[in-house]
Amino acid sequence: MSGEKLELAVHTLCPYSQRALYVAAFKGLQFDLIEVDLANPSEWFLDLNPLCEAPALKVTRNGQVFKLTESLNVSEYLNSFPGRSLYPIWHGKIDPLEKGIVDVFIKNQLGTAGSYLYNFFYCTEVTAEQTQEFKNYLNTLNTMTENGNYFLHKTLGRNEMTMADAMIYPIIERYMAYKDFYQGLFEPYTGLLSWYNRMSAEPWIQTYKAPINRLQKIYHIRREPGDYRPLTLPSSLYD
Ligand SMILES: N[C@@H](CCC(=O)N[C@@H](CS)C(=O)NCC(=O)O)C(=O)O
């Protein structure tokens, strides 16, 4: 792995890009951070990911170029570098059993967490039924993070941070940036709030945490009627 050149294409206000950035920071990796404009993509970025989605990783290994996309796949690859791991270790290696459990959790839960950005926060007219559904979901997350513990503490039988916490964090980061607009909605979910504060205090989270004012501006843009507007550059436009 040493000698591999990593070029990570991201928009720093994109939650999926933040996943990869957080894992890279957790691992203390050396990499080139390349900010990409999703509204006006460069040729370089389209060549790296013709789907025009961030994050995307260009890896140069022994002169050969590899292109990796999808935040979870990029994060998993970054996590595989030497050093501490967001997947549980057993007998000196990532434990395939517990990794499987973490991955199934990510697969089953994380799409749902992300979908509430669009099915709750970015909807201008939310019905009482939708609100109740979101509250039920928050309740589920709150039960998982009881006493501020990590997401899989009950399943794994110990309180260990895993890839699940790192992958869901950028989504919850947005819930928390928007909570000022929903008086009292989050108050009952003390486990989730404590988990969020615990994660937010991590130095590797601090490095790539998105400024709250920018997230709040994106919230307002996403709620405007009309077509979806991809994230653009410079990021200071969102101040
Ligand atoms: N499944 C992809 C989703 C990535 C994604 O949707 N990224 C957004 C930015 S947050 C994107 O690039 N959207 C294209 C756009 O905004 O036009 C992943 O996990 O990496």
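The UniProt record, an unreviewed entry, carries the annotation "domain: GST N-terminal" for residues 4-86; its positions are given here in the numbering of this structure, feature names are shortened, and such annotations may be inferred rather than shown by experiment. The structure is a predicted model, in which local features need pLDDT of at least 70 and side-chain atom pairs count only at pLDDT 80 or more, while totals for chains, interfaces and linings use all residues. Residues are numbered from 1 along each chain as its sequence is written, and side-chain values use heavy atoms, with hydrogens and water left out.

Over residues 4-86 the chain is 34% helix and 27% strand, and the C-alpha atoms at the two ends are 21 Å apart. Helices (H or I, at least four residues) and strands (E, at least two) are DSSP runs, numbered from the N terminus.

**Two helices in contact**

Two packed helices are described by the angle between their axes and the distance between the axes. Helix 1 (residues 15-27) and helix 3 (residues 71-79) have axes that come within 9 Å and cross at roughly 5°, and the two helices are therefore roughly parallel to each other. On the helix 1 side the contact is made by Y16, R19, A20, V23, A24 and K27, and on the helix 3 side by S71, V74, S75, L78 and N79. These residues divide into six nonpolar, three polar and two charged. The terms are used as follows: axes are lines fitted to C-alpha atoms, for helices over the stretch in contact, with angles running from 0 to 180 degrees between N-to-C directions; angles under 35 degrees count as roughly parallel, over 145 as roughly antiparallel, 65 to 115 as roughly perpendicular and the rest as oblique. Contact means heavy atoms within 4.5 Å, and Ala, Val, Leu, Ile, Met, Phe, Trp, Tyr, Cys and Pro count as nonpolar, Asp, Glu, Lys and Arg as charged, and the others, Gly among them, as polar.

**Salt bridges**

Side chains of opposite charge can pair when their charged atoms come close. A search of the whole structure finds eleven salt bridges, each being a side-chain nitrogen of Lys or Arg within 4 Å of a carboxyl oxygen of Asp or Glu. The table gives three of the pairs.

| Pair | Closest N to O distance |
|---|---|
| R158 and E98 | 2.6 Å |
| R158 and E160 | 2.7 Å |
| R214 and D239 | 2.8 Å |

The salt bridge of R158 with E98 links distant parts of the chain, since R158 is in the loop between helix 6 (153-156) and helix 7 (163-178), whereas E98 is in helix 4 (residues 96-121), 60 residues apart. R158 is partly exposed, with a relative accessible area of 31%, while E98, at 15%, counts as buried; buried means under 20% relative accessible area, exposed over 50%, and partly exposed in between, with a 1.4 Å probe and protein chains only. E160, the other partner of R158 in the table, is partly exposed at 24% relative accessible area.

For the salt bridge of R214 with D239, R214 lies in helix 10 (residues 212-223) and D239 in the segment after helix 10, so the pair ties together parts that are 25 residues apart in sequence. R214 is buried, with a relative accessible area of 17%, whereas D239 is partly exposed at 49%. In addition, salt bridges that share partners join E76, K99 and D103 into one network.

**Backbone details**

A cis peptide bond, with omega about 10°, joins A54 and P55, and P55 lies in the loop between helix 2 (43-48) and strand 3 (56-61). That loop also holds C52, a residue other than glycine whose phi is positive, near 60°. The peptide bond from L233 to P234 is likewise cis, with omega near -5°, and P234 is found in the segment after helix 10. H91, which is not a glycine, has a positive phi of about 50°; H91 is found in the loop between strand 5 (89-90) and strand 6 (93-94) and is exposed, with a relative accessible area of 69%.

**The surroundings of Q130**

Q130 has its place in helix 5 (residues 128-144) and is partly exposed, with a relative accessible area of 25%. Leaving aside its neighbours within four places in sequence, Q130 is in contact with N119, F120, C123 and E125. From P15, Q130 is 115 residues apart in sequence and 23 Å apart in space, C-alpha to C-alpha.
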